[in-house]
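Biologist: I'd like a close look at a single part of this protein, with the surroundings filled in as you go. Could you walk me through it in plain words?

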Amino acid sequence: MAEPESPQKLSLISLTAMVVGSMVGAGIFSLPRTFGGATGPFGAILAWCIAGAGMFTLAQMFQILAQRKPALDAGVYAYARAGFGRYPGFLSALGYWAAGCLGCVSYWVLIKSTLGAFFPVFGDGNTVVAIAVASVGIWAFHFLILRGVRQAAFLNTVVTVAKIVPIVIFIVILAFAFQADLFRANFFGGEDMPSQGLFTQVRSTMMVTVFVFLGIEGASVYSRYAAKRSDVGVATLLGFGGVLLLLVLVTLLPYAVLPRVEIAGMRQPSMAAVLEAVVGHWGAVFVSVGLLVSVLGAYLAWSLICAEVLFTAAKTDDMPRVFATENANRVPAAALWLTNIVVQLFVISTYWSTDAFALMLGLTSAMALIPYLLVAAYGLKLARSGEGYAAGEPALRRDLVLAAVATLYTAFLIYAGGLKYVLLSALLYAPGTVLYLWASREQKIRPFSGAEWPIFVLAVIGCVAAVAGIAGGWIQP
């Protein structure tokens, strides 16, 4: 007789909801203005073709690696460690965890800003009251998750369904309001907008496309909870396809109802402003409510992912052992505490920020790119060596091409983001290495091999350059 399923096991539906819930958060509600300020429909279509193709290959990498390396759990971190060693693996875990923390902060920033449009006491989201309310939310979610992963994952599934509804309604309303003449007028840039080359237009959208795709690996991170291992890759591709369709429609349809210059000048969340222009004030209220549900759902998903990444790194002795502890509900409690303490500190820091959302968006994307690059590079390494493949297996050539494209795409994104965010990310990578040194001391082993020393030195140089740049004023955080 079959054994009863563990209460911690997640179905295909729950895993897919984890992917969608992780990806559909704050970013989708900011797309109209972000793209409107950068390019017209032609440039937007090209940008989504590049981003969609690149992210598709990355999604394929997670599926392929889930099949070829089924023993590796917690995807992003585990693949980097297996492919390139302890310190690069640690940096992947640290970068991915930090990206998740910064993403959580961006969610609270947008929540506070959205409430500020209706309740003056919240201001632009950086008042004492706004920070206090956000702090209550942080710790309410914290204690909810401590009750158990399965309960939190179930709530994430419900919230994912609830937040998709207003986005779909937004798309349907704009589809009925579609004006072909206006769309054509905006197509190559529109009137009263600065003229820029197509490459510059597309490049300026790349970081936001990374931000809205963060979470594509949500099922892979939670692979140890999957009821069936094969569900991990399927959930990743199902979530990716559905979310990509929503992102493209939310980006393009506003060009068919408003001039581009108006879209570019809207306040965030710009999806609310677009719907208000089409149907009246109730549209702004409707989208704002949907945004709050969406962002809170994404915050839940990312809190789970952040804690899981720290926990897994500690289990393999690449983070201090304290983060490998679980409570009675099998929740990595110490990892969750550190995650939410860091989120709390960054939320408090928004009191002194003038454009916290834009900074968090760019820095979140930059922190995630190194882990993504290492995943793609590991897939390329396996395909080139043939490890895990049968001799003459037809899939080998296909996987080699996919891995090469994914590696080039993530490397291009690092370039497209610019030197500023690379240096700012070093502000977290270099000091964060203290955790790695702590873990190495616990294990009584040398922290760096010969090939890893240059990586550490480069991180320190980048950190020093970032501090000097901020102090000198040529880097504006």
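Modeller: Let's start with a word we'll need: a residue is buried when its relative accessible area is under 20%, and exposed when that value is over 50%. Keep in mind that this is a predicted model. By that yardstick, 58% of the 477 residues of the protein chain count as buried. The chain has 20 helices and 0 strands. Among its contacts with a separation of 6 or more, 84% join residues 24 or more positions apart.

Now let's zoom in on T433. You'll find T433 in helix 19, which runs over residues 419–443. Is T433 buried or exposed? Its relative accessibility is 1%, and because buried means under 20%, T433 counts as buried. Leaving out residues up to four places away in sequence, T433 touches Y87, F90, L91, L94, F448 and F456.

What about the helix that holds T433? Helix 19 has 25 residues, and at 1.5 Å a residue they should span 36 Å; the end C-alpha atoms are 36 Å apart, so the two values agree. Just after helix 19 comes K444, with a positive phi of about 55 degrees.

One of the residues that T433 touches, F456, takes us over to helix 20, where F456 is among the buried residues. The others there are A459, G462, C463, A466 and G469. These buried residues cover an arc of only 150 degrees around the axis, so they sit on the same side of helix 20. What covers them includes helix 5 and helix 19. Turn to the face that points away from the buried side and you meet the exposed residues I461, V464, A471 and G472. As for length, the 20 residues of helix 20 should span 28 Å at 1.5 Å a residue, and its end C-alpha atoms are 28 Å apart, which agrees. Just after helix 20, G473 has a positive phi of about 90 degrees.

Helix 19 and helix 20 also turn up together around a pocket: each supplies at least two residues of the lining of the second largest pocket, as do helix 5 (86–116), helix 17 (356–385) and helix 18 (395–417). That pocket has a volume of about 540 Å³. It is lined by 23 residues, and the closest to its centre are I370, V422, S425, Y429 and L458. What kinds of residues make up the lining? The split is 19 nonpolar, 4 polar and no charged.

Conventions. Residues are numbered from 1 along each chain as its sequence is written. This is a predicted model: local features need pLDDT of at least 70, side-chain atom pairs count only at pLDDT 80 or more; totals for chains, interfaces and linings use all residues. Side-chain values use heavy atoms; hydrogens and water are left out. Helices (H or I, at least four residues) and strands (E, at least two) are DSSP runs, numbered from the N terminus. Buried means under 20% relative accessible area, exposed over 50%, partly exposed in between (1.4 Å probe, protein chains only). Contact means heavy atoms within 4.5 Å. On a 1 Å grid over the protein atoms alone, a cavity is a set of points where a 1.4 Å probe fits but cannot get out, and a pocket is an open set with protein on both sides within 12 Å along at least five of seven lines; lining residues have an atom within 4 Å of a point. Grid points are joined across faces, edges and corners, and a volume is the space filled by probe spheres set on the points. Ala, Val, Leu, Ile, Met, Phe, Trp, Tyr, Cys and Pro count as nonpolar, Asp, Glu, Lys and Arg as charged, and the others, Gly among them, as polar. The expected span of a helix is 1.5 Å times one less than its number of residues. The arc is that of the directions from the helix axis to the C-beta atoms.
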